[in-house]
Amino acid sequence: MADSNFIDYVKFCSRSGAGGAGSVHFRREKHVPKGGPDGGDGGRGGHIILRGNAQLWTLLHLKYKKHVIAEPGKGGEGGRRTGADGKDVILEVPLGTVAKDAETGEKRFEITEDGQEVILTSGGRGGLGNDHFKTSTNQAPHYAQPGEPGIEEWIILELKLLADVGLVGFPNAGKSTLLSSISAARPEIGDYPFTTLVPNLGVVGYRDDKSFVMADIPGIIEGAAEGRGLGIRFLRHIERNSILLFLIPSDAPDIGEQYRILLNELEKYNPELLDKKRILAISKADMLDEQLMKEMEQEIPKDIPYLFISSVSQFNLEKLKDLIWQAIHQ
């Protein structure tokens, strides 16, 4: 995922088609005096529809689409002929896309399955022709219904990546290095904070051809919930993860304190994130010996399973996969 190509938020105007008007028409045929009303109904206006596509990972293709407009329905015709429906507009989106009302912020629905289709903005109904209004006392109605107008509204689409495991940690904790070590993902890695500017996904191979998906989001810093750093913008991507893998480097001043800070930022953003299963990995353990590890264990919270790992030397990475797999399938 290149920085410029990963788009997880778009806002656009969605306008459905108006319904076609019903027809005012009377049957006119030779040898058929007073044929009576036979005006047909108008066609339905086009819908704006979202369709899930498992091959998409970003909303980039919608970034510059500021107005999405569906066709109106055609008017009815004589002979009880119904007008054609307006053509629907189908927008393909990645799985995990959430549609919201831009004015109220209200969530409409979420696309979670490949091929799933949901109407975002409904087209107007077509009007009834005068054939529907004939009665014994009004045998020649000279009126029909107009079609319903289309709906115009501003919509926000937000992408929440669907992954089994979400990596949570401070900048430079080694999240990108871990992802590149155990998957085929190739995120940018550097020795400076906020190397990761967009989320990265990697498929991690496991035993017997099994696999799971891991997501690396930009680092969180203290105060992220108040707008500091980059992490708060991307925290929505771990709302759909089954497990949160906390990554704290072994050279951190206080592992327990760093873990509490990360947990606090998640709670401020969305308290429901604390209900997810959590695993703690202490990275850069290739710098430690057994004695140091035992001493550092005193700093580690007792309520979370943990493991010392090294992405560079591959130390304990297989054990980490085992731990993650067990947590996913518990």
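Which residues of α1 are buried? Let's take that helix first, then move to a strand beside it in the packing list. Keep in mind that this is a predicted model.

The buried residues are Lys-175, Ser-176, Leu-178, Leu-179, Ser-180 and Ile-182. Helix α1 spans residues 175-182. That puts 6 of its 8 residues under the 20% relative accessible area cut-off for buried. So α1 is largely enclosed by the rest of the structure.

What do those buried residues pack against? Four strands and a helix are on the list: β9 (165-168), β10 (200-205), β11 (211-216), β12 (243-249) and α5 (317-328).

Now take β12 from that list. This strand is mostly covered, with 7 of its 7 residues buried. Look at which way they point. Ile-243, Leu-245, Leu-247 and Pro-249 go one way. Leu-244, Phe-246 and Ile-248 go the other way. Both sets are buried.

Next, the pairing. Which strands does β12 run parallel to? One is β9, joined to β12 by 4 bridges. Here Val-168 stands opposite Phe-246 of β12. Another is β13, residues 277-283, and 7 bridges join this parallel pair. Within that pairing, Pro-249 has Ser-283 in β13 as its bridge partner.

How does the chain get from β12 to β13? The path goes through helix α3, residues 255-269. This β-α-β crossover is right-handed.

To recap: α1 is largely enclosed. Its buried residues pack against β12, among others. And β12 itself is paired in parallel with β9 and with β13.

Definitions and conventions: Residues numbered from 1 in each chain as written. Predicted model: local features only at pLDDT ≥ 70, side-chain atom pairs only at ≥ 80, totals over all residues. Heavy atoms only, no water. Buried < 20%, exposed > 50% of the residue type's maximum accessible area, 1.4 Å probe, protein only. Helix = DSSP H or I, 4+ residues; strand = E, 2+ residues; numbered from the N terminus. Contact = heavy atoms within 4.5 Å. Pairing = 2+ DSSP bridges. Right-handed = clockwise from strand over helix to strand, strands pointing away.
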